[in-house]
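Here are a few exercises to work through with the model open beside you. Try each task before reading its solution.

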Amino acid sequence: MTLIIAPNSAHPLTVNRLGYGTMRLTGPQIWGEPADRPQALEILKTAVAHGVNFIDTADYYGEDVTNRLIVEALHPYPQNLVICTKVGATRRPDASWVPFNTPANLRTSIENNLRTLRQEQVQLVHLRLMGHGGVPLAEQLGAMFELQKEGKIQHVGLSNVGPEELAAGLKMGEIATVENMYGYAQRTTLREAHGETRGGEEVLALCEQHSIPLVPFFSLVHGLPKAGDKLATLAKQRGVTEAQLNIAWLLHKSPLLLPIPGTSSLAHLRENLAAAGIQLSADDMAYLG
């Protein structure tokens, strides 16, 4: 199963429809080095060896931890490997997350990603919205498109957006991808004390209208504890885990969904990869709802 990112551009990207998100390769609170560095490196190598050619990262994972792991494990990169990073946030010494989204901030982040990933151009960059942090969306996205014109970014995407923000972005230029939280049991925006994490269900129709791949994150961490009996029942019938069935549900929900389940366990990675082979019928999907 493959999909094409930015099919109408001069340089479309073809990726296999199960990626890998690197966030869990870091230490506690997405901060610091992994507890088992050799396993972290082996996870990246194994993922790529088994056909994963879309890897999601960010320089504020760690900080810079996942980018350095990617380089150590995979550089020089396979020709078909797409590395997607995110900008718009940074970390304080206490590991808290704060906006880093002025045009100067975004340029700094892109330059840092280019340096740490050892690339001359980042293939795909998601602008992660952090409540704007006082910087209008048009100013943030305008800076991204300027960096694209300079050749530092090949494709621009948005992350943590609602339909109004996505529609506004589409009026400014090509949005290659959207990265929002989406899983079987957590499909819409999650409102917590620290802010909103935008749901994929709310932008899926607009993405499909414009042939924009939707990259779901947190598909397991928020969804499985409240998935309900149907997911558990069907998983038991199929002899698979609920996590595997969640991934399969995403793959069947829309041909534009590109799940990136992350893990720090090589055994769990192998389970996630196997989920791509689970076939769900129309009756299965109707049962799950």
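**Exercise 1.** In this predicted model, decide whether Cys84 is buried or exposed.

*Solution.* Start with the relative accessibility of Cys84, which is 0%. The cut-off for buried is under 20%, so Cys84 counts as buried. Now try Cys207: at 1% relative accessibility, Cys207 counts as buried too.

**Exercise 2.** Work out how many disulfides there are.

*Solution.* A disulfide needs two cysteine sulfur atoms within 2.5 Å. By this rule the count is 0. Take Cys84 as a check: its nearest cysteine sulfur belongs to Cys207, 14 Å away. Seen from the other side, the closest cysteine sulfur to that of Cys207 is in Cys84, and 14 Å is too far for a bond.

**Exercise 3.** Find which strands pair with β5, and in which sense.

*Solution.* Let's take the partners one by one.

- β4 (residues 54-56) pairs with β5 in the parallel sense over 3 bridges, and Phe54 stands opposite Val82. Between β4 and β5 the chain passes through helix α2 (residues 65-74), a right-handed β-α-β crossover.
- β7 (residues 122-128) runs parallel to β5, joined by 4 bridges; here Cys84 faces Leu124.
- β6 (residues 97-100) is antiparallel to β5, also with 4 bridges, and Gly88 has Phe100 as its bridge partner. These two strands form a hairpin with 5 residues between them, where Ala95 in the turn has a positive phi of about 75 degrees.

**Exercise 4.** Explain why β5 is described as largely enclosed.

*Solution.* Count the buried residues along β5 (residues 82-91): 10 of the 10 are buried, so the strand is largely enclosed by the rest of the structure.

Notes
Residues are numbered from 1 along each chain as its sequence is written. This is a predicted model: local features need pLDDT of at least 70, side-chain atom pairs count only at pLDDT 80 or more; totals for chains, interfaces and linings use all residues. Side-chain values use heavy atoms; hydrogens and water are left out. Buried means under 20% relative accessible area, exposed over 50%, partly exposed in between (1.4 Å probe, protein chains only). Two strands pair if DSSP finds at least two bridges between them. A crossover is right-handed if, with the strands pointing away from the viewer, the path from the first strand over the helix to the second runs clockwise.
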